[in-house]
Amino acid sequence: MAAPGARSCSLSGLLPAQTSLEYALLDAVTQEEKDRLVYQYLQKVDGWQQDLSVPEFPEGLEWLNTEESISVYKDLCGKVVILDFFTYCCINCIHVLPDLHALEHTYSDKDGLLIVGVHSAKFPNEKVVDNIKSAVLRYNITHPVVNDADASLWQELEVSCWPTLIILGPRGNMLFSLIGEGHKDKLFLYTSIALKYYKDRGQIRDNKIGIKLYKDSLPPSPLLFPGKVTVDHVSSRLVIADTGHHRILVVWKNGQIQYSIGGPNPGRKDGVFSESTFNSPQGVAIMNNIIYVADTENHLIRKIDLEAEMVSTVAGIGIQGTDKEGGAQGEEQPISSPWDVVSGKSGPEVQTDDILWIAMAGTHQIWALLLDSGRLPKKNELKKGTCLRFAGSGNEENRNNAYPHKAGFAQPSGLSLASEDPWSCLFVVDSESSTVRTVSLKDGAVKHLAGGERDPMNLFAFGDVDGVGINAKLQHPLGVTWDEKRNLLYVADSYNHKIKVVDPKTKNCTTLAGTGDASNVLGSSFTESTFNEPGGLCIGENSQLLYVADTNNHQIKVMDLETKTVSVLPVFRADSAMVDGPFSAEKQKAFPKLPTSAPSIRLSPVAASPGQTLEFKLKLDLPSGAKLTEGAPSCWLLSAGGNEWLLRGQIPSGEIESISNQPTISLQIPGDCLSLEAILSISVFLYYCSADSSACMMKGILFTQPLQITDTQQGCTALVELKYVF
């Protein structure tokens, strides 16, 4: 339903005018010229006799992140609106989300901007609202999302691909469209000038839209959307990519955490374990106490040294790359959304793994990182640290070819290695073509194993059918692991919620576990047990156990391949490790109260923006000769009375072990701020003895830090010194 006096139409109506604008922008040199051209374009489009009006959202659709359904011509009247037509499996759609997050941090609904995600599914599994809820949580989407399961708006507007952004004016009138990823500059330019243009005309309203975030209704859990899992075959350990908590867990086989590295908030920082951060990590590989991590949304490959307890970057520059050839040293080579990693040897004469294979989902390719000097098939000698494309043209296709650079993948998301003859290949699950493929380690030839169909351009040949080769059908598989003992391949058929097994000799693909229902049932057998979008697999205990990252159930499932039973790995903390914070609620209550005589220092207000990190450096001086009491719990504690949202996901307390090396307290401003003003309180408790040890005492001090939340970016980190002389 369109607004009265308007014409409902497709995106093609915008094409002539917007094409002329974009040609003119190519010749514009200064920002002022670009702003003027867009402003003049809006004058033209706004002056058309009839608006190009977007259809009303159909009644009865399911909405997320809102208190109730939204109407274009009631609730969104007076707003500049961005409609994001997306499907949650699509890597290009995932790449657009950071641009939308940045735009939301720059302009709010009070400024007149609102973003609405219009989920238009590719796969049947993506039409289910519970699965969309999981994706909204996984990708931290905080704007309203509507489940247009039948793609009504998509068809009415003649949208042609994912993602497509449509910018609307305050009457539901279409102004611009942006197709595909990589248009951040245009998105900001068009949006900012549209807001200015309609504000100049008094047509922008600052009313708030009722937002109710789905994530706020969820209970805490030890794992959040674990994407991948791998076995350390040397010790009794597993490595888990706890993707939703933005961290890597190293756990013993009983589930007890040995190391928790990163999290709970996303970030990009190397260094000691306590300071390092990741952003939605996926694939993990471990060898000789070294873990390699596909740090997906940071577009990096990270290295975790368990002995040195340090994290470093070995590939990527932290910005999404478009290079489809590579060849530079890893730290200088841009890469795009690495999704899985597996280590291997460049030849039979090599003693230790010297290659890290990478499923580069963002460019639809398989890459390699040289961990030592060596050579790839049909390549000259390569230096240690070289990062380059191994297979895949970069075109999104299901194309098999004897020449690796002419083959095509479509979002490869899982890797496993079978280095022994006669296989000598990488197994690849290619999620968007719903296939399992092989890449020869001898000559790079890419071959089909199961799923999909013969037409390399058809990425819609999916289903849930057991069969041989092309007659088998999968739906967006994400995980794969090789069973060297049985010569079988296990596949996480993610959108069918099943684990399947493929015999590479016969190409026969059959269901091993799962009913096809997205649920969480531990049945008496494999076929009665259920999963929910499992994303990763690994095999251990001499091929007896199959570990499954059951992503949307927030669990690691353990499948016993001999008894045919399924159990859940209980993930729990030891005293020296943490799950969702360093202290239990009981331990937090054990902190002392500040003495009534404790001094209170009110600091100057600090302006901070969502996502920014504040660092508070303690600089406390004891009386001459005094020293901290050994064994006494000198510590600091954060509080934010009435603004507990400020501390969500933060480390709320810590020890003070030395006056000569006092800690720095970090606080990252949440992306979703519930107030523009808040007061952070930092309580410090010191136990110390006088120089002659004749007297020991506890002293406390309270620092209060007023915060002013602003959309203006303040830089990455702000340092505040907390000084006091006792």
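Buried means under 20% relative accessible area, exposed over 50% and partly exposed in between, with a 1.4 Å probe and protein chains only. Keep that scale at hand for the exercises below.

The model is predicted, so local features need pLDDT of at least 70 and side-chain atom pairs count only at pLDDT 80 or more, while totals for chains, interfaces and linings use all residues. Residues are numbered from 1 along each chain as its sequence is written, and side-chain values use heavy atoms, with hydrogens and water left out.

**Exercise 1. Find the domains and say where the largest nonpolar core lies.**

Step 1. Start with the division of the chain: domain 1 (11-215), domain 2 (219-569) and domain 3 (600-725). These bounds come from an automatic or database domain assignment.

Step 2. Look at how domains 1 and 2 meet. Their centres, taken over C-alpha atoms, are 34 Å apart. In contact (heavy atoms within 4.5 Å) are 19 residues of domain 1 and 26 residues of domain 2.

Step 3. Now take the core. A nonpolar core is a set of buried Ala, Val, Leu, Ile, Met, Phe, Trp, Tyr and Cys residues joined through side-chain atoms within 4.5 Å. The largest has 75 residues, and Phe57 and Leu83 have the most contacts inside it. Helix H6 (residues 184-200) gives the largest share, eight residues. Helices (H or I, at least four residues) and strands (E, at least two) are DSSP runs, numbered from the N terminus.

Step 4. Conclude: domain 1 and domain 2 both contribute residues, so this core lies between them.

Step 5. Check the surroundings of Leu83. Setting aside neighbours within four places in sequence, Leu83 touches Val54, Phe57, Val116, Val118, Thr164, Leu165, Ile166 and Leu168. A second, separate core has 33 residues, among them Leu620, Trp636, Ala640 and Ala678.

**Exercise 2. Which parts of the chain does the salt bridge between Glu432 and Lys122 tie together?**

Step 1. Apply the rule: a salt bridge is a side-chain nitrogen of Lys or Arg within 4 Å of a carboxyl oxygen of Asp or Glu. The count by this rule is 27.

Step 2. Inspect the pair. Glu432 and Lys122 meet at 3.1 Å, N to O. Glu432 sits in the loop between strands E24 (425-430) and E25 (435-440), and Lys122 in the loop between strand E5 (113-119) and helix H4 (129-138), so the bridge ties together parts that are 310 residues apart in sequence. Both Glu432 and Lys122 are buried.

Step 3. Add other examples. Arg437 bridges to Asp430 with the closest N and O atoms 3.0 Å apart, and both residues are buried. Lys557 and Asp550 meet at 2.6 Å, N to O, and these two are buried as well. Asp464, Asp493, Lys498 and Lys500 form a network of salt bridges.

**Exercise 3. Describe how strand E15 (residues 290-295) is enclosed and paired.**

Step 1. Count the covered positions: six of the six residues are buried, so E15 is largely enclosed by the rest of the structure.

Step 2. Sort the side chains. Ile290, Tyr292 and Ala294 point one way, and Ile291, Val293 and Asp295 the other.

Step 3. Find the partners; two strands pair if DSSP finds at least two bridges between them. Strand E14 (residues 284-287) pairs antiparallel with E15 over four bridges, with Ala285 opposite Tyr292. Strand E16 (residues 300-305) also pairs antiparallel with E15, over six bridges, and here Lys303 is the bridge partner of Tyr292.

Step 4. Examine the turns. The E14-E15 hairpin has two residues between its strands, and Asn288 takes a positive phi near 55°. The E15-E16 hairpin has four residues between its strands, and His299 in the turn has a positive phi of about 55°.

**Exercise 4. Where are the cis peptide bonds before Pro163 and Pro264, and is Ser424 buried or exposed?**

Step 1. Recall the background: most residues other than glycine have a negative phi, and most peptide bonds are trans.

Step 2. The bond from Trp162 to Pro163 is cis, with omega near -15°; Pro163 is in the loop between helix H5 (152-157) and strand E7 (164-168). The bond from Gly263 to Pro264 is cis, with omega near 0°; Pro264 is in the loop between strands E12 (257-262) and E13 (271-272).

Step 3. Ser424 has a positive phi of about 45°. At 8% relative accessibility, Ser424 counts as buried.
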